[in-house]
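Work through the exercises below with the sequence and the model open. Each task is followed by a stepwise solution.

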Amino acid sequence: MAAEKQVMVIGADKSEQSQYALEWTLDHFFKPFGGDKAPFKLIIVHAKVQVSTAVGLAGPGAAEILPIVEADLKKSAAHVTEKAKQFCASKSVTDVVVEVVEGDARNVLCDAVERHHASILIVGSHGYGAIKRAVLGSVSDYCAHHAHSTVMIVKKPKTKH
């Protein structure tokens, strides 16, 4: 009887940092085991921005623009998830679950950890300084403090000129 695989949730968006975190994860946790033979089940989660967050709901013309914004957000989510699936396949990892969940990325990722009983959450880091983090908030900081799992923050090394 095969042992049940631990669940690993990774946040995905269209950023370079997110793509690097996925690549790093596949290279370090899946490639050494031959891809799908790794002791982890990979769940990629993309948090789709809510239309009401992307567009203010007040003002003239709001009703006409909401369907356009919603279609654009769906297209962007499909692009992110398809790219992630293709990247996984290129690394011989095909046993992947990809989810698109509407909401704030901080809550979406922490909820995914709970829902899937994940033992590890992996997020990319934009490397914001303290002031920018305080103003914008940081998904990785929030998850490090609130997710009920180990949280690994993967930061892309700076390239030397």
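Helices, of at least four residues, and strands, of at least two, are DSSP runs numbered from the N terminus. The model is predicted.

**Exercise 1.** Place Ser149 among the helices and strands, then decide: buried or exposed?

Solution.
- Step 1. Ser149 sits in the loop that joins helix H6 (139–146) to strand S5 (150–155).
- Step 2. The cut-off for buried is under 20% relative accessible area.
- Step 3. Ser149 has 19% relative accessibility, so Ser149 counts as buried.
- Step 4. Setting aside residues up to four places away in sequence, Ser149 touches Val113, Ala118, Ser119, Ile120 and Leu121.

**Exercise 2.** Do likewise for Ser125: find its element, its burial and its contacts.

Solution.
- Step 1. Strand S4 (residues 120–125) contains Ser125.
- Step 2. Its relative accessibility is 13%, so Ser125 counts as buried.
- Step 3. With neighbours within four places in sequence left out, Ser125 contacts Gln17, Ile153, Val154 and Lys155.

**Exercise 3.** Classify the ring pair of Phe29 and Phe40.

Solution.
- Step 1. The structure has three aromatic pairs.
- Step 2. For Phe29 and Phe40, the ring centres are 5.4 Å apart and the planes stand at 85°, so this pair is edge-to-face.
- Step 3. Phe29 belongs to helix H1 (residues 16–30) and Phe40 to strand S2 (residues 40–48), so the pair links distant parts of the chain, eleven residues apart.
- Step 4. Phe29 and Phe40 are both buried.
- Step 5. Ring pairs join Trp24, Phe29, Phe30 and Phe40 in a cluster.

**Exercise 4.** Which ring lies under the charged end of Arg106?

Solution.
- The ring is that of Tyr142, and the charged end sits 6.0 Å from its centre.

Key
Residues are numbered from 1 along each chain as its sequence is written. This is a predicted model: local features need pLDDT of at least 70, side-chain atom pairs count only at pLDDT 80 or more; totals for chains, interfaces and linings use all residues. Side-chain values use heavy atoms; hydrogens and water are left out. Rings of Phe, Tyr and Trp (its six-membered ring) pair if their centres lie within 6.5 Å; planes under 30 degrees apart count as stacked, over 60 as edge-to-face and the rest as tilted. Buried means under 20% relative accessible area, exposed over 50%, partly exposed in between (1.4 Å probe, protein chains only). A charge sits over a ring if NZ of Lys or CZ of Arg is within 6 Å of the ring centre and within 35 degrees of the ring normal. Contact means heavy atoms within 4.5 Å.
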